[in-house]
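Please open the structure in your viewer and keep the selection panel at hand, for the tour moves from one selection to the next.

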Amino acid sequence: MKSHNQNTRTICVILTLLAAGPVVQAYPPDPNNAALLYYQAFISLPKDQDQVQDLVEGLPDGADPNDQIREYLKLCQPAIRLAVAASEVPACDWGLRYSQGYQMSLTHLSQMRALARLMKGEVAVLVADGQYRQALERCLTLRQMGQHISDQNIISFLVGVAINALAEKAIQNTLSAMPPDIQTLVWLKGELAASPARRVEIKNGLKTEEEVILTKLTTDRGHLLEAVTGSTGAVPSELVEHLKNADEAFFEGSRRYFKAHMDAVVAVLNSPVPYLQRHDQLEQLDKRPGSDSKQNLHAVLTASLMPSVAKLLTLDTRARSNDNLLKAAIEIYLVKARTGSIPDQLPPGMPKDPFNGQDFKYEKTPEGFTLTRWTDDPAKDKNFQRTFKVKVR
Amino acid sequence: MKPDRIEQLIRTIRVRSTPGKRQERLDDILAAHDRWRQSHTTSGRGFPRWVAKVAIAASVLIVVTYQAVMYRSPDRIVPRQPQTRAVPSSAEITTAGSLQMAFRQGGLEGVERQLDRAFELIGAWPTVLHEQGLL
C-alpha cells in the first residue's frame, strides 16, 4: 500500500513537471544579439524633433538641462531602455554585408551616434538631479555601446573610438559634479577594469580592408570605380584613365604591390617599439605609394585606396591614453574620499600614458586637479588636458 | 445725262483709235492707279495705313504683356535645365567607400560630419503608422 502511494506521488510529480515545461517556454527568448535591440532603439527614436535634438546634443558640459530637454528625453525613454538592454547582451552582430566591399552600407553608424548623444543628454539630466550612481551606469552603457559598434572594418572602429570618448567625457562630468564617495568610486573602478579595453583592434580593420581590396582589384571594371572610391567622392582623373586601360597584368601587379605594402604596415603596428617610432615609420610608409606611383603604375591604386595608418595609430593611442587618464583620475578621487584631501603629487602606481610610457602630468587647482597627456599638436588635439573638479560635501 | 441716253451713245458712237495709243493710255491709267494706291496704303494687301499702325501697336502690347505675365507667374513652364548632380542620399554617403573617402579627406572629424549629415537626411523612423499607410 505504502509503495503504491509512493509510486502514485512520483508519477504525479513527473506529470506535473511535464505539464509545466511547455508553459514556462511558451514565448520565445529575448534576443541574444545586441544589434537587434539597437535597431529597435533606432526605430523608437522620436521623429521631427530636430530642434530639441540639437539642444540636447549641444548641451554644454555641466549645464542644467531645461524643461524642453527633459520632456524630449522622456519621449526617448523607450529607445534608451532598449539601448540599455542591448548593452547588457555580450554578442553584437550588425549583419554587415562585407561581400559588397566598398558599397557595404554602414547607415547604422549615424543612428548609433545619435543614440549615443541622447544617452549623454540623459546623463546630464541624472547628474542635475543628483542621481550620480544612475548617471555613471548610463556612462557605462555608453561605453559598452562604443565597444559594440566597433566591427571588423576601420570606419566602425573609428566610430567606436568616438562614442567611447563621449562616455569618458560623461564620466568626467559626473565625477566633477558628485561628492567623492568611496563605495561608488570603488564600484566604478571595478566596472572599468572588468570591461574589455577593446573588442576590435586596428589590425582587424586593416585585415578586412586588405581582403576587400584584393577581391575588388580585378578586370570587372564596371563596378570597380564606384566600389573602391565611394559613390560621392571625386574620382582622380589619372585613376580613371588607368582603370579604363587596365588589363589583368595591371591588376595582378596592383594586388602584389598592395599586399606588400599592407604587410609592411601591419609589421610596424605589431612591433613593440614606442609610439613615436612606430608613428614616424608609418608616416614614411603612408607616403611611399604616392611617390612610387610616379614611376610604378602598380602603386597607383594603393596610393588612392590606402587610408593613413599613422593617423589610425594616433587615434587609437589617444583613446587608450584617455582611458588610462580616467582611471588615474578615479584613483585621485579615491584618495580624496579616503583622506579628505587631494594629493599634492600623483600617487605611485598610476596607469601610464601609452604615448610615451610615462606618468600623466598632474596639477592641483583651486577647484580640483588637471591631468595632461602627451600630444604632438596642442592646437588640434583639444582634449589632451582634462580638468576634474572635486565637489565639497 | 440719263443712263438710257448714255447707253444709246455708247452703242452708236464710233471711237477712232490706234492699238498702240490704246495700250499707252491703258498703261498710263494703270500707273496712275498704282500710285494712288501706294499713297493710301502701307502694304500691298490693301489695308489702310492706320489699320496697320494699330495692328503693330497691338502686337507690341500683346508681346510685352505676355512677357510680363509669364516671368512673374510661379506656374510658368520653364525650359528643362540641364540635369545637374543630385544631392547624394543618406544611403550613398554611408557606404564604406564614401566614409573611407571622408576619413582620407577630413580624418575622424570628416567621418563624424558625414554621419551627422546622413542622420539629418534620414531623420528618425516614424513612430506612428496609420492604417491607410499600411494598406
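What is the order of the strands in the open sheet of chain A? Select the three strands, and you will find the order S1-S2-S3 with antiparallel pairing, where strands are DSSP E runs of at least two residues, helices are H or I runs of at least four, both numbered from the N terminus, and two strands pair if DSSP finds at least two bridges between them. The edge strands are S1 and S3 (385-389) of chain A, each of which pairs on one side only, and the twist averages 20° from one strand to the next.

This is a predicted model, in which local features need pLDDT of at least 70 and side-chain atom pairs count only at pLDDT 80 or more, while totals for chains, interfaces and linings use all residues. Residues are numbered from 1 along each chain as its sequence is written, and chains are lettered from A and ligands numbered from 1 in the order in which they are written.

Next, select residues 361-364 and 368-372 of chain A, the strands S1 and S2, which are joined by four bridges and by a hairpin of three residues. Here A:Lys364 stands opposite A:Phe369, and A:Glu363 has A:Thr370 as its bridge partner.

Finally, select helix H10 (residues 202-216) of chain A, whose 15 residues should span 21 Å at 1.5 Å a residue (times one less than the number of residues), which agrees with end C-alpha atoms 21 Å apart. Its buried residues (20 or more other C-beta atoms within 10 Å of their own, C-beta atoms being placed from the backbone) include A:Ile202, A:Leu206 and A:Ile213. Seen down the axis, the buried residues of H10(A) fall within an arc of 160° (taken from the directions from the helix axis to the C-beta atoms), so they line one face of the helix.

Key:
Buried ≥ 20, exposed ≤ 12 C-beta atoms within 10 Å, placed from the backbone. Axes fitted to C-alpha atoms, helices over the stretch in contact; angles between N-to-C directions.
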